[in-house]
Amino acid sequence: MRHLLAAEGLDRDTITELLDTADGLKQTLLGREVRKLPTLRGRTVITVFYENSTRTRVSFELAGKWMSADVINVSAGGSSVGKGESLRDTALTLTAAGADCVIIRHPASGAAQRLAHWLADSPVAVVNAGDGMHEHPTQALLDAATLREKLGSLDGRRIGIVGDVLHSRVARSNVHLLTCLGAEVTVVAPPTLLPQGIETWPVTVSHEIDAELPSLDAVMMLRVQAERMHGGFFPSAREYAIGYGLSEARAALLPEHAVILHPGPMLRGMEIASRVADAPNALVTDQVANGVHVRMAVLYHLLASEGAESA
Amino acid sequence: MPDRSSQPVLLKGVRRYGEGEPVDVLAADGVIAEIAPDITPPDGAEVIDADGQVLLPGFVDLHTHLREPGREDTETVATGSAAAALGGYTAVFAMANTDPVADNAVIVEHVHRAGQAAGLVDVHPVGAVTVGLNGEKLAELGTMAESAARVRMFSDDGLCVHDPLIMRRALEYSRALGAVIAQHAEEPRLTVGAQAHEGTQAARLGLSGWPASAEESIVARDCILAAHAAARLHICHVSTSGTVDVLRWAKERGTQVSAEVTPHHLLLTDDRLETYDPVNKVNPPLRTGADAKTLREALAEGVVDCVATDHAPHAEQDKDCEWQAARPGMLGLQTALSIVAETMVRPGLLTWRDVARVMSERPAEIARLADQGRPIAEGEPASLTLVDPEARWTVRGAEFASIAANTPYEGMELPARVTTTLLRGRVTARDGRIR
């Protein structure tokens with residue numbers, strides 16, 4: 001693997017290998033007092049975040065640090081990015097400074113792919129930590145890791161993705177990744193929050209959450225992305241919560257074994273009722289914990305799996 | 001350099017409109033002096049051995065961006081004129097979205113004079129419809145029409161005249177000026193933040209959609225308004241199948257509407273967005289293969305009247321960036337003929353005589369240019385383009401006369417090439433060189 005830019009195009013073997021590595025790392029670290037592996041000693045990982053993020057940035061930082069990489073965080077506000085420097089120049093600068101891996105989050109779809117294009121002649125690996133409305137592949141990997149942990153194989157499992165599919169990079173990455181692992185995905189949203197051509201996606205489409213919940217093995221609630229909204233996608237937050245929010249009554253429609261995921265940050269009371277978010281079958285904190293291991297696995301495969309200088 | 005302005009030019013062995021036996025065409029004193037099977041070169045004449053190449057009336061482009069004033073780092077009237085001459089053009093219309101905007105007599109006269117100074121192609125400034133292109137208040141259309149630039153086409157291109165009342169008034173008012181309003185049809189409320197044609201490709205790539213309906217709804221509205229105002233309307237860069245349907249309907253009911261299609265909308269589709277390379281970003285966006293097919297058929301049929309380039313130079317930093325940050329637009333003047341040959345002539349949709357219609361005669365009629373798009377006959381203006389239909393060449397943006405190099409056709413091998421362009425009897429471009 002040269003870069004991780006998208007879940008689309010990853011084959012089942014690669015995904016399984018990444019998930020197995022993440023699982024192995026998790027077991028290795030379990031119960032250790034000092035959570036530090038020497039795997040990436042001497043390697044430099046730079047995160048560049050052009051959008052606010054707490055969990056993803058922290059998760060990548062921990063992933064790097066737990067494997068002894070030097071991790072540097074650049075945020076768009078406090079750097080030359082704020083002075084109007086282009087993404088291309090920032091990329092070339094970070095490469096010249098000696099980065100082995102650049103992890104980028106950017107509001108423009110395709111930004112990670114462009115970055116990889118500009119760095120094609122360098123050995124730098126690029127990881128997409130979320131590009132606009134396009135993809136967020138490590139989120140899909142951590143979701144798959146969490147589901148696999150609870151449900152076992154995803155073959156034939158029915159997974160619902162509910163909410164703002166149109167603006168969601170999490171949804172796009174998950175559709176590719178989960179269907180690649182054999183899951184049957186149903187997306188549930190009002191028509192205004194579904195992309196054009198959804199009928200060509202490998203999913204079933206529904207506008208009625210209550211009809212879908214009883215047959216799901218897992219339901220993934222999406223964040224409503226107010227910052228990408230240009231008005232009028234639904235009449236009000238109240239009506240959205242009534243129509244598509246995961247209330248306690250709705251959560252009760254799920255089969256007993258079913259689990260609930262949310263990529264965060266959650267809007268309690270809108271997408272998901274507060275008690276549902278804190279229920280035992282809601283795996284939000286498991287997702288966060290698995291996120292670190294999955295990102296460790298990604299960094300491992302990009303930086304250490306072949307030609308590693310230190311082990 | 002010798003003064004060639006009055007030098008006769010003898011074209012040996014041309015096939016007019018690609019038809020019939022080769023003949024010789026002598027241009028002297030700005031007009032076609034003689035057409036005969038074998039003309040003896042007059043003293044001092046420049047002789048061009050055409051060897052059976054296709055002779056067409058000089059091309060007329062209703063839609064170019066010459067970027068002067070304001071962005072002379074990407075194109076000037078002079079460099080754009082050179083690109084036009086090399087592309088076989090003898091007249092171009094320079095859009096008004098310069099900085100400052102061409103919404104007054106001073107700016108349009110500046111562009112007009114710069115065109116005359118370059119002397120390679122007739123540069124006709126397009127005047128803005130509204131002050132500052134802001135869509136709120138009519139610009140002084142009459143003053144621009146009466147100026148030395150004699151403006152006869154008005155457009156807010158780049159932006160849509162979206163207010164229906166302003167559009168109605170512009171159409172009505174232009175009637176007295178003998179002018180045409182050229183509309184960039186894009187309902188702004190339907191394209192907030194839009195990045196790519198709204199369809200499966202944009203949805204997959206996570207690019208905000210630019211629905212076909214944003215174009216079609218404005219075209220339909222304006223055809224109705226033009227009919228009501230008994231005014232002339234021209235639709236810029238038609239890009240969707242639905243627009244073709246609306247145009248067909250409007251023309252059948254007698255509306256005075258004309259329309260242009262760009263070479264890139266004839267050839268390229270949103271499949272190219274895969275790489276997120278903004279060289280493919282353009283307004284209106286590249287549409288689907290089905291749209292491109294419909295546009296080719298509509299051009300052949302005449303529902304779409306002509307080809308216009310929407311030549312849009314942009315600086316490298318405005319194109320070699322992330323998709324969302326990039327400016328829309330692509331170079332077109334030096335590739336237009338080849339793209340038309342590739343998409344229309346080779347598949348048999350147009351003959352070379354039809355190419356004369358869609359690249360010269362119809363645009364000249366739409367803009368009411370008396371001395372362009374004329375027949376190739378004795379006594380007519382010698383504004384002519386010689387095309388080698390058998391040529392094949394590889395596109396290199398850096399080799400274009402434009403300052404900018406943003407071509408989506410980089411590295412592509414294309415058929416047919418302009419070998420010589422004459423403007424009123426004077427050679428302006430020959431074998432890839434400007435005169």
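Start where the two chains meet: select 20 residues from chain A and 18 residues from chain B, and you have the contact between them. Keep in mind as you look around that this is a predicted model.

Now stay on chain A's side of that contact. Color helix 3 (87-97), helix 4 (111-118) and helix 6 (169-180) of chain A; each of them puts at least two residues on the side that touches chain B. Zoom in on helix 4 of chain A, since that's the one giving the most to this side, with three residues. Then try coloring this side of chain A by residue class: you'll find five nonpolar, eleven polar and four charged residues.

Next, leave the contact and select residues 44-49 of chain A, which make up strand 1. Five of its six residues are buried, so strand 1 is largely enclosed by the rest of the structure.

Who are the neighbors of strand 1 in chain A? Add residues 70-75 of chain A, and you have strand 2, which runs parallel to strand 1 and is joined to it by six bridges. For a spot to click on, pick A:T47 and look across to A:N73 in strand 2, which stands opposite. To see how the chain gets from strand 1 to strand 2, follow it through helix 2 (residues 55-66) of chain A; this β-α-β crossover is right-handed.

Last stop: select residues 101-106 of chain A, or strand 3, which also pairs with strand 1 in the parallel sense, over five bridges. Here, click A:V48 in strand 1, and you'll find its bridge partner, A:I104, in strand 3.

Technical notes: Residues numbered from 1 in each chain as written. Chains lettered and ligands numbered in written order. Predicted model: local features only at pLDDT ≥ 70, side-chain atom pairs only at ≥ 80, totals over all residues. Buried ≥ 20, exposed ≤ 12 C-beta atoms within 10 Å, placed from the backbone. Helix = DSSP H or I, 4+ residues; strand = E, 2+ residues; numbered from the N terminus. Pairing = 2+ DSSP bridges. Right-handed = clockwise from strand over helix to strand, strands pointing away. Contact = placed C-beta atoms within 7 Å. Nonpolar A, V, L, I, M, F, W, Y, C, P; charged D, E, K, R; others polar.
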